Amino acid sequence: MCNIFVYGTLKENFPNFSINTGVRLPGNFVTQSLHALYLVGERNSPWLVVDSEKGVQVQGQVFTVDEQGLLAMDQL
């Protein structure tokens, strides 16, 4: 089991949430370091890149997932 921070389509009420089989920790979270957000590829997949000059704190949700759940997220 591990905790995963999700900031895009794997969040609750977002398009790929059905892939996310984890249990959500209560609350909303933000990254400590600053990140730039890029939308990549045909599907506009969100990618975060650490960027202390132009980045922002990113809001997201944290889920506890098992190994199978993590594998499904990685395959997505």
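**Strand E6 and its surroundings: reasoning from values to terms**

Mentor: Val23 stands opposite Thr64 in strand E6. The model is a predicted one, and our discussion may begin from this strand.

Trainee: What makes strands E2 and E6 a pair?

Mentor: Two strands count as paired when at least two bridges are found between them. Strand E2, residues 23-24, shares two bridges with E6 in the antiparallel sense. The requirement of at least two is met, so E2 and E6 are paired.

Trainee: How do you know that E1 is also joined to E6, and in which sense do they run?

Mentor: Strand E1, residues 2-6, is linked to E6 by five bridges, and the two run antiparallel. Five bridges satisfy the condition of at least two, and therefore E1 and E6 pair. One of the bridge partnerships is that of Asn3 with Thr64. Thr64 is thus named twice, as the partner of Asn3 and as the residue opposite Val23.

Trainee: What qualifies E3 as a partner of E6?

Mentor: Strand E3 covers residues 29-30 and has two antiparallel bridges to E6. Given the condition of at least two, E3 therefore counts as a partner. Within this pairing, Phe29 faces Gly60 of E6.

Trainee: Why is strand E6 described as mostly covered?

Mentor: A residue is buried when its relative accessible area is under 20%. Five of the seven residues of E6, which spans 59-65, are buried.

Trainee: Gln61 lies in E6; why is Gln61 called buried?

Mentor: The relative accessibility of Gln61 is 6%. That value is under 20%, so the term buried applies to Gln61.

Trainee: How do you know that the side chain of Gln61 makes a polar contact with Glu12?

Mentor: The side chain of Gln61 comes to 2.8 Å from the backbone nitrogen of Glu12. A polar contact requires suitable N or O atoms within 3.5 Å, so the distance of 2.8 Å falls inside the limit. Glu12 is also listed among the residues in contact with Gln61, neighbours within four places in sequence being left aside; the others include Ile4, Val6, Lys11, Arg24 and Phe29.

Trainee: Is Glu12 buried, partly exposed or exposed, and what makes it so?

Mentor: Glu12 sits in the loop between E1 and E2 and has a relative accessible area of 30%. Because 30% lies between the limits of 20% and 50%, Glu12 is partly exposed. Beyond four places in sequence, Glu12 is in contact with Phe17, Arg24, Gln61 and Phe63.

Trainee: Why is Phe29 placed in the class it has?

Mentor: The relative accessible area of Phe29 is 28%. This is neither under 20% nor over 50%, so Phe29 is partly exposed. Apart from residues up to four places away in sequence, Phe29 touches Phe5, Val58, Gln59, Gly60, Gln61 and Val62.

Trainee: Which class does Asn13 belong to, and why?

Mentor: Asn13 lies in the loop between E1 and E2. Its relative accessibility is 74%, which is over 50%, and therefore Asn13 is exposed. Asn13 also has a positive phi of about 75°, although this residue is not a glycine.

Trainee: What makes E4 and E5 a pair?

Mentor: Strand E4, residues 35-40, and E5 run antiparallel and are joined by six bridges. Since the condition is at least two bridges, E4 and E5 are paired. Tyr38 stands opposite Trp47, while Ala36 has Val49 as its bridge partner. Four residues lie between the two strands of this hairpin, where Gly41 adopts a positive phi near 80°.

Trainee: What is known of the space in the largest pocket, and which residues are closest to its centre?

Mentor: The largest pocket holds about 420 Å³ of space. It is lined by 17 residues, and those closest to the centre are Thr9, Leu10, Pro46, Met73 and Leu76. E1, strand E5 (45-50) and helix H1 (67-75) each give two or more residues to the lining.

Trainee: How do the lining residues of the largest pocket divide by character?

Mentor: Ten are nonpolar, five are polar and two are charged.

Note on methods:
Residues numbered from 1 in each chain as written. Predicted model: local features only at pLDDT ≥ 70, side-chain atom pairs only at ≥ 80, totals over all residues. Heavy atoms only, no water. Buried < 20%, exposed > 50% of the residue type's maximum accessible area, 1.4 Å probe, protein only. 1 Å grid on protein atoms, 1.4 Å probe; cavity = no way out; pocket = protein on both sides within 12 Å on 5 of 7 lines; lining within 4 Å. Points joined across faces, edges and corners; volume = space filled by probe spheres on them. Nonpolar A, V, L, I, M, F, W, Y, C, P; charged D, E, K, R; others polar. Polar contact = N/O pair within 3.5 Å; in protein donor to acceptor, adjacent residues only side chain to side chain. Contact = heavy atoms within 4.5 Å.
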